[in-house]
Number of protein chains: 2
Amino acid sequence: MIEVKKKMMKIIHNVFEMQKEANAMRRAGKRIGFVPTMGYFHEGHLSLMRIARSRVDMVIVSHFVNPIQFAPTEDLDAYPRDFERDCQMAESDSADIMFAPDRKEIYPDGFRTYAEVEEWGRKLCGRTRPMHFRGVTTIVLKLFHIVQPDVSVFGWKDAQQFLILRRMVKDLDLPIEMIGGEIVREKDGLAMSSRNIYLAPEERAEATVLSMSLAKVHRMIEEQGILDSKTLINYITGEIDKTRHGRTEYVEIVSQETLDPISGVEKGKTLIALAARFGKARLIDNLRY
Amino acid sequence: MIEVKKKMMKIIHNVFEMQKEANAMRRAGKRIGFVPTMGYFHEGHLSLMRIARSRVDMVIVSHFVNPIQFAPTEDLDAYPRDFERDCQMAESDSADIMFAPDRKEIYPDGFRTYAEVEEWGRKLCGRTRPMHFRGVTTIVLKLFHIVQPDVSVFGWKDAQQFLILRRMVKDLDLPIEMIGGEIVREKDGLAMSSRNIYLAPEERAEATVLSMSLAKVHRMIEEQGILDSKTLINYITGEIDKTRHGRTEYVEIVSQETLDPISGVEKGKTLIALAARFGKARLIDNLRY
């Protein structure tokens, strides 16, 4: 009989215990890779864990639906959850530790300290979600202090989030390498998102307009040399507006360095970002060029 | 001939180099103690270095006049400086490393990330210096990331600053032990401060009213059992107002837990804090009870 010894993933709920564990790893000379998540995993999350795995000795995944990045009107309570399935997926893939703290431990009574990347959090998605990014930077900073990673991996799907967090890491001198993982898509192009389950079948079918119009814009730039932001934005907005259920929230072409709008696409510096609603679902997608 | 080999203090100006040095110390199992300062040392600073010395293997002192904690109307450019004297004082005392970064390196173009302990920074001194504590929390957080201390020592002279920073450390899960060093005073009671050099001789003589009225209040509480905040505040304000040059900015009795005013002194929980102007100098002092 051959016994295959499978390494078990450790699940930690307590902040102090996680910090102690991370400390012990660092003292043992291990490099730590960190993937912060809100759970309800899909292939996008797993791809980030695999990127971490390829870079470090120990992969820590956090699993925490962060209340302070949701507005009172948003979907905090409805946010999809399946902790057991997530643990299985993370373990069978690449994670060594799943850190799943309680809300009370992360935000005890009297909590009042926030980290903010000024102005950038009010652009793009921040215009309709003004407190969102302050919530994101605060929780990620806390998690960085708890997990003490050498490397942290985030999805480019949330491009503004990644650029803001990378700015925070630089501005606050955090000794962490920030890595962006490419967007993982369904076969028909829809960017994977835990929120896609909110889509009714007809909305789901129409939502492909986002990735399709971005792909088309990519060809317009590459093949036709169309660089004018207005032209490209109007094309995408027009395509979304043609659907029955889609409602454009924004389509913007901005500099990756400043998040400010630019009048024309500049190779290597451009982010074409959009948000749209399909029924209950607010979807985002983007193209870096 | 007996050669006395004196350990030399290292001076580091570069953020990356400081971070590398701190990393190497930690990997070697050394415990790091950290004393952040704005320089122009007096006995108060040295006492903090000695506290650090007694607790850890390596003492790092930072020396940086932090522009973002000064309002445009304040004394940033006039703030007293004497780097060479400071180095001698720190070395002859307890410091192993003096970290003295350039402004440009700490706040490069595009810097836009701030840490803030909400509300607490608008109380007491924050009412006349609304951006001050946001500047303090941001620089200290940056320095913590650069120096990676196990222990950090601050003076109780800046009581609000210490309470805010301690709150930040707790809220952001920083694995740092925060220690407050007692106020060091001149022979006549005036709390030591780099800003005392702004005082003209007559102002300097009168400024003892601050420590003397706090000492008197301590006796009123202990010996006469007077606990009513209003009575104690009125006494101090009255004493300051009797001087020729003193102008009360505030005298407040607050909870050390919340920084909110309390109507009566509660043993072990109380902070009696004041700020007053004497000519160009803005002086602060306090009594914890």
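What rotation superposes chain B on chain A? In this predicted model, the answer is pleasingly simple: a turn of 180 degrees, with 0.0 Å of shift along the axis, brings chain B onto chain A at an RMSD of 0.0 Å. The two copies are therefore related as by a two-fold rotation axis. Within chain B, the C-alpha nearest this axis belongs to B:A115, at 2.1 Å. Both copies use the same surface, as 100% of the contact residues of chain B recur in chain A.

The interface itself brings 23 residues of chain B into contact with 23 residues of chain A. On the chain B side, at least two residues each are supplied by α1 (15–27), β5 (113–117), α5 (132–147) and α6 (159–171). Of these elements, β5(B) provides the largest share, namely five residues. Sorted by class, the side of chain B that touches chain A holds twelve nonpolar, eight charged and three polar residues.

Strand β5 also links the chains through backbone pairing: β5 of chain A (residues 113–117) and β5(B) run antiparallel and are joined by five bridges. One of the pairings to look for is that of A:E116, whose bridge partner in β5(B) is B:Y114.

Turning to the single chain, the domain assignment divides chain A into domain 1 (10–181) and domain 2 (194–288). The C-alpha centres of these two domains of chain A are 26 Å apart. Contact between them involves twelve residues of domain 1 and 13 residues of domain 2. On the domain 1 side of this contact in chain A, eight residues are nonpolar, three are polar and one is charged.

Terms used. Residues numbered from 1 in each chain as written. Chains lettered and ligands numbered in written order. Predicted model: local features only at pLDDT ≥ 70, side-chain atom pairs only at ≥ 80, totals over all residues. Domains from an automatic or database assignment. Contact = placed C-beta atoms within 7 Å. Nonpolar A, V, L, I, M, F, W, Y, C, P; charged D, E, K, R; others polar. Least-squares fit on C-alpha atoms with pLDDT ≥ 70 in both. Helix = DSSP H or I, 4+ residues; strand = E, 2+ residues; numbered from the N terminus. Pairing = 2+ DSSP bridges.
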